[in-house]
Amino acid sequence: MFRKKIIYICFAIAAAVIFSAGCGAPSLKGAEAETGAAVMEKAVTEENKEDKSETIAAKKTDMGEAGPGEEAEADQGEDRPEKKIEAFAETVQEAVSDRDLEALGDLLFYPCVFITGDEETIILEKKEDLLKQNPDMVFGDDLMVSVANVDTATLKAGEEGVVLGEGTSAITFQEKPGFGLRITEIRE
């Protein structure tokens with residue numbers, strides 16, 4: 001579609017140059033013709049570069065050589081925020097399923113709110129505060145089942161962030177400037 005627009009623009013410029021060359025002053029004909037020709041050449045060159053980059057990206061993807069993010073960009077275009085959300089959610093799911101406090105602590109934005117199954121609110125000021133908690137209290141059955149049942153490909157960011165979980169047991173994360181996606185609340 002983008003290629004067709006460039007071709008139409010090139011033809012419109014070429015037609016304008018041809019018509020103006022026939023009607024314009026003799027001293028301007030050469031300058032306008034060169035400008036029109038330069039514009040057409042530039043548009044064709046950009047189109048060729050676009051074709052080559054698409055071909056290279058497709059070959060890398062087919063051969064399994066795509067670097068981080070290249071496959072997502074080639075396949076999804078503007079869906080990159082959703083891909084980042086999905087990847088982060090999968091990392092959180094893995095930390096929860098492994099009951100790994102250390103890994104989960106690396107994903108938190110401090111201070112982080114932790115609400116226990118008894119509705120007690122604990123503010124985690126640093127990673128050590130999380131590591132001091134009983135893993136059975138952090139990784140309760142409700143939270144583990146709730147987080148494991150989420151299809152990460154369907155997650156969308158809302159006003160409060162992205163909620164990973166079902167019902168009352170969930171993990172909320174959002175984009176934090178300078179930190180990327182980070183967990184802001186754990187609700188057992």
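# Exercises on a predicted model

At 32% relative accessibility, Arg 99 counts as partly exposed, and the structure to which this residue belongs is a predicted model.

## Exercise 1: Backbone angles and a peptide bond

Find where Arg 99 is placed, and describe what is notable about its phi angle; then do the corresponding work for Glu 119.

**Solution.** Begin with Arg 99, whose place is in the loop between helix H4 (80-97) and H5. Next, read its backbone angle: phi is positive, about 55°, although Arg 99 is not a glycine. Now turn to Glu 119, which is found in the loop between S1 and S2 and has a positive phi of about 65°, although it is not a glycine either. As a last step, consider the accessibility of Glu 119, which is exposed because its relative accessible area of 56% lies over the cut-off of 50%.

Which kind of peptide bond joins Tyr 110 and Pro 111? The bond between Tyr 110 and Pro 111 is cis, with omega at about 0°, and Pro 111 lies in strand S1.

## Exercise 2: The setting of Thr 116

Decide whether Thr 116 is buried or exposed, and list the residues it touches once its neighbours within four places in sequence are left aside.

**Solution.** First locate the residue: Thr 116 is found in the loop between strand S1 (108-115) and strand S2 (121-124). Then take its relative accessible area, which is 3%; buried means under 20%, so Thr 116 is buried. Finally, leaving aside neighbours within four places in sequence, Thr 116 is in contact with Ile 122, Met 137 and Glu 188.

## Exercise 3: A salt bridge between two helices

Work out which parts of the chain are tied together by the pair Lys 127 and Asp 106, and state how accessible each partner is.

**Solution.** Start with the general idea that side chains of opposite charge can pair when their charged atoms come close. In this model, the side chains of Lys 127 and Asp 106 meet in a salt bridge, with a distance of 2.4 Å from N to O. Lys 127 lies in helix H6 (residues 127-131) and Asp 106 in helix H5 (residues 101-106), so the pair ties together parts that are 21 residues apart in sequence. As for accessibility, Lys 127 counts as buried at 17%, whereas Asp 106 is partly exposed, with a relative accessible area of 45%. To complete the picture, note that Glu 102, Asp 106 and Lys 127 are linked in a network of salt bridges.

## Exercise 4: Further charged pairs

How many salt bridges are there by the rule used here, and what can be said about the pair Glu 119 and Arg 187?

**Solution.** The count comes to seven salt bridges. In one of them, the side chains of Glu 119 and Arg 187 meet at 3.8 Å, N to O. This pair links distant parts of the chain, for Glu 119 is in the loop between S1 and S2 and Arg 187 is in strand S5 (residues 180-187), 68 residues apart. Compare the two partners: Glu 119 counts as exposed at 56% relative accessibility, while Arg 187 counts as partly exposed at 26%.

Next, describe the salt bridge that Lys 126 forms with Asp 129. The closest N and O atoms of Lys 126 and Asp 129 are 3.9 Å apart. Lys 126 is partly exposed, with a relative accessible area of 43%, whereas Asp 129 is buried, with a relative accessible area of 14%.

Methods. Residues are numbered from 1 along each chain as its sequence is written. This is a predicted model: local features need pLDDT of at least 70, side-chain atom pairs count only at pLDDT 80 or more; totals for chains, interfaces and linings use all residues. Side-chain values use heavy atoms; hydrogens and water are left out. Helices (H or I, at least four residues) and strands (E, at least two) are DSSP runs, numbered from the N terminus. Buried means under 20% relative accessible area, exposed over 50%, partly exposed in between (1.4 Å probe, protein chains only). Contact means heavy atoms within 4.5 Å. A salt bridge is a side-chain nitrogen of Lys or Arg within 4 Å of a carboxyl oxygen of Asp or Glu.
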